[in-house]
Amino acid sequence: MTKLSESLPIEEARERLRQLISELAVVRGKVTLASGKEADYYVDLRRITLHHEASRLVGQVMLDLIDSAGIEFDAAGGLTMGADPVGHAIMRTAGDQDRAIDTFVVRKAQKSYGMGRQVEGPSVEGRRVVAVEDTSTTGGSALTAVEALRNAGAEVVAVAVIVDRATGAKERIEEEAGVPCIYAYSKDDLGLD
């Protein structure tokens, strides 16, 4: 058995994370999504991104996804709260590889107090960043993050999502934000229809 502190070969990591998503995160039954749309299943990826074993796999799989797409970046993060553990997992995995990748948190709205920022963490100004999501139905959260990041002076180079629900979010993000939207798993990979 692999110790939690050891990295798996990437294909094994991808398969193990897929298994964990299917076992722990897929909830079947009528649900109303954050977008307001109804679905016959819900993929509750917080059950994965906050899980002791799966979190490490999220970082490994997502960093590999971004690297394999040839995307160079300095930081990853997105709209709080779904994106927070994804960005942290990427940062941790990058650190394990002696790579300096930061993370950041994008608030839903700019603060009216303190420093009045919408993007928290190390400055993203002038830096290449990837907006991350656990999953997206309409693309709205990712687009909110992209807008805030651009307003903070970042160069958004991609959006990366763990699970694509095949509901048009990828296409909307690519059209409206003008950046690639990549994902680690499709709904087909998880046996969802």
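Reader: What makes the contact between glutamate 120 and arginine 107 a salt bridge?

Author: In this predicted model, the closest N and O atoms of glutamate 120 and arginine 107 are 3.1 Å apart, and a salt bridge asks for a side-chain nitrogen of Lys or Arg within 4 Å of a carboxyl oxygen of Asp or Glu, so the pair meets the rule. Glutamate 120 belongs to strand β5, while arginine 107 sits in the loop between β4 and β5, 13 residues apart, and the pair is thus a link between distant parts of the chain. Salt bridges that share partners join Arg107 and Glu120 with Arg117 into one network.

Reader: Why is glutamate 120 called buried, and what is arginine 107 called?

Author: Glutamate 120 has a relative accessible area of 19%, and buried means under 20%, so the term applies to glutamate 120. Arginine 107 has a relative accessibility of 28%, which lies between the limits of 20% and 50%, so arginine 107 counts as partly exposed.

Reader: How do you know that aspartate 67 and arginine 99 form a salt bridge, and where in the chain do they lie?

Author: Their side chains meet at 2.6 Å, N to O, and the cut-off is 4 Å, so the pair qualifies as a salt bridge. Aspartate 67 is in helix α3 (residues 52-68) and arginine 99 is in the loop between α4 (84-96) and β4 (102-106), the two being 32 residues apart. Aspartate 67 has a relative accessibility of 32% and arginine 99 a relative accessible area of 28%; since partly exposed covers the range between 20% and 50%, that is the term for each of them.

Reader: What makes aspartate 102 and arginine 127 a further salt bridge, and how many are there by this rule?

Author: The closest N and O atoms of aspartate 102 and arginine 127 are 2.9 Å apart, which is within 4 Å, so the pair is counted. Aspartate 102 lies in strand β4 and arginine 127 in the loop between β5 (119-120) and β6, with their positions 25 residues apart in the numbering. Aspartate 102 is partly exposed, at 25% relative accessibility. By this rule the count comes to twelve salt bridges.

Reader: Why is strand β3 said to be largely enclosed, and which strands pair with it?

Author: Five of the five residues of β3 (residues 75-79) are buried, so the strand is largely enclosed by the rest of the structure. Five bridges join β3 to β4 in parallel, with glycine 77 having phenylalanine 104 of β4 as its bridge partner. From β3 the chain crosses through α4 to β4, and this β-α-β crossover is right-handed. Strand β3 also pairs in the parallel sense with β6, over three bridges, and there alanine 75 stands opposite valine 129. Pairing requires at least two bridges, so the five with β4 and the three with β6 both satisfy it.

Reader: How do you know that the buried residues of helix α6 line one face?

Author: The buried residues of α6 (residues 169-177) are Ala169, Ile173 and Ala177. Seen down the axis of α6, they fall within an arc of 35 degrees, so they line one face of the helix. These residues pack against β6 (128-136), α5 (140-151), β7 (155-164) and β8 (181-186). Just after α6, glycine 178 takes a positive phi of about 70 degrees.

Reader: What makes β7 and β8 a pair, and why is β8 called mostly covered?

Author: β7 and β8 run parallel over five bridges, and at least two are needed, so they count as paired; valine 161, for instance, stands opposite tyrosine 183 in β8. Five of the six residues of β8 are buried, and that is the basis for calling the strand mostly covered. Together β7, α6 and β8 make a right-handed β-α-β unit.

Reader: How does the span of helix α1 relate to the expected value, and which of its residues are buried?

Author: Helix α1 (residues 10-25) has 16 residues and reaches 21 Å from its first C-alpha to its last, close to the 22 Å expected at 1.5 Å a residue. Its buried residues are Ala13, Leu17, Leu20, Ile21 and Ala25, and they fall within an arc of 105 degrees seen down the axis, so they line one face of α1. The face turned away from that buried side carries the exposed residues Glu11 and Glu23.

Notes
Residues numbered from 1 in each chain as written. Predicted model: local features only at pLDDT ≥ 70, side-chain atom pairs only at ≥ 80, totals over all residues. Heavy atoms only, no water. Buried < 20%, exposed > 50% of the residue type's maximum accessible area, 1.4 Å probe, protein only. Helix = DSSP H or I, 4+ residues; strand = E, 2+ residues; numbered from the N terminus. Arc of directions from axis to C-beta. Contact = heavy atoms within 4.5 Å. Right-handed = clockwise from strand over helix to strand, strands pointing away. Expected span 1.5 Å × (residues − 1).
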